[in-house]
Amino acid sequence: MSSEQRQDIRKRTFLKGRILFNKGASSMDCLVRDMSETGARLELSETSTLPEVFDLYIPQKDETFRATLRWRRDGGVGIAFAEHPAKPAAADPAPMPDASITVLLRRIAELEAENAALRSVLTTLSAGKASAA
């Protein structure tokens, strides 16, 4: 997509993201490489299984965006946001976020951090055993 077709200028980012689909039953990690108010470019290992419409959760911003796939290439996709949380439609009242989804997303982030800490401990233990042998 050429830059002339974009509505907003994208800013370079390096944000961890989680793509959620199948009503939250499926997810995959991604990296948000650039972002604007209306879309983003994501890096991810598997693009062929990505549906046309999904949710993008960015833990660092604690925001979830409804996204539509615009283009797909090896290792990355371009997406457009259905609407930005900071820009609700003027005529419609802002919907209240589903508390259960917010709680689940936070719990997932906590578990990912715990998983990373446990992997670090395992790596340290493995290195200790290797040097003892």
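Helices, given as H or I over at least four residues, and strands, given as E over at least two, are DSSP runs numbered from the N terminus. The model described here is a predicted one, and the account below takes up its paired strands before turning to its enclosed space.

**Strand pairing**

Strand 1 pairs with strand 2 in the antiparallel sense over nine bridges, and strand 2, spanning residues 26-35, pairs in turn with strand 3, residues 39-43, again in the antiparallel sense but over four bridges. The connection between strand 1 and strand 2 is a hairpin with four residues between the strands, in which N22 takes a positive phi near 55°. Strand 2 is joined to strand 3 by a hairpin as well, here through three residues.

The bridge partners named below help to place individual residues across these pairings.

| Residue | Partner | Strand of the partner |
|---|---|---|
| L15 | V32 | strand 2 |
| V32 | L42 | strand 3 |
| D34 | R41 | strand 3 |

V32 can thus be followed in two directions, since it is the bridge partner of L15 and has L42 as its own bridge partner in strand 3. As a general point, the side chains of a regular strand alternate between the two faces of the sheet.

**The cavity**

How many cavities of 30 Å³ or more does the structure hold? It holds one, and the volume of the largest cavity is about 50 Å³. Its lining is made up of K16, R18, Y57, P59, L105, I108, A109 and E112, and the elements that contribute two or more residues to this lining are strand 1 (11-21) and helix 1 (99-132). Of the elements, helix 1 gives the most to the lining of the largest cavity, with four residues.

By residue class, the lining of the largest cavity divides into five nonpolar and three charged residues, with no polar residue among them.

Where does the largest cavity lie with respect to domain 1 and domain 2? Because domain 1 (11-81) and domain 2 (96-132) both give residues to its lining, the largest cavity lies between them. Strand 1, which takes part in the lining together with helix 1, is also the strand that pairs with strand 2 over nine bridges, so that the description of the cavity leads back to the paired strands.

How values were computed
Residues are numbered from 1 along each chain as its sequence is written. This is a predicted model: local features need pLDDT of at least 70, side-chain atom pairs count only at pLDDT 80 or more; totals for chains, interfaces and linings use all residues. Side-chain values use heavy atoms; hydrogens and water are left out. Two strands pair if DSSP finds at least two bridges between them. On a 1 Å grid over the protein atoms alone, a cavity is a set of points where a 1.4 Å probe fits but cannot get out, and a pocket is an open set with protein on both sides within 12 Å along at least five of seven lines; lining residues have an atom within 4 Å of a point. Grid points are joined across faces, edges and corners, and a volume is the space filled by probe spheres set on the points. Ala, Val, Leu, Ile, Met, Phe, Trp, Tyr, Cys and Pro count as nonpolar, Asp, Glu, Lys and Arg as charged, and the others, Gly among them, as polar. Domain bounds come from an automatic or database domain assignment.
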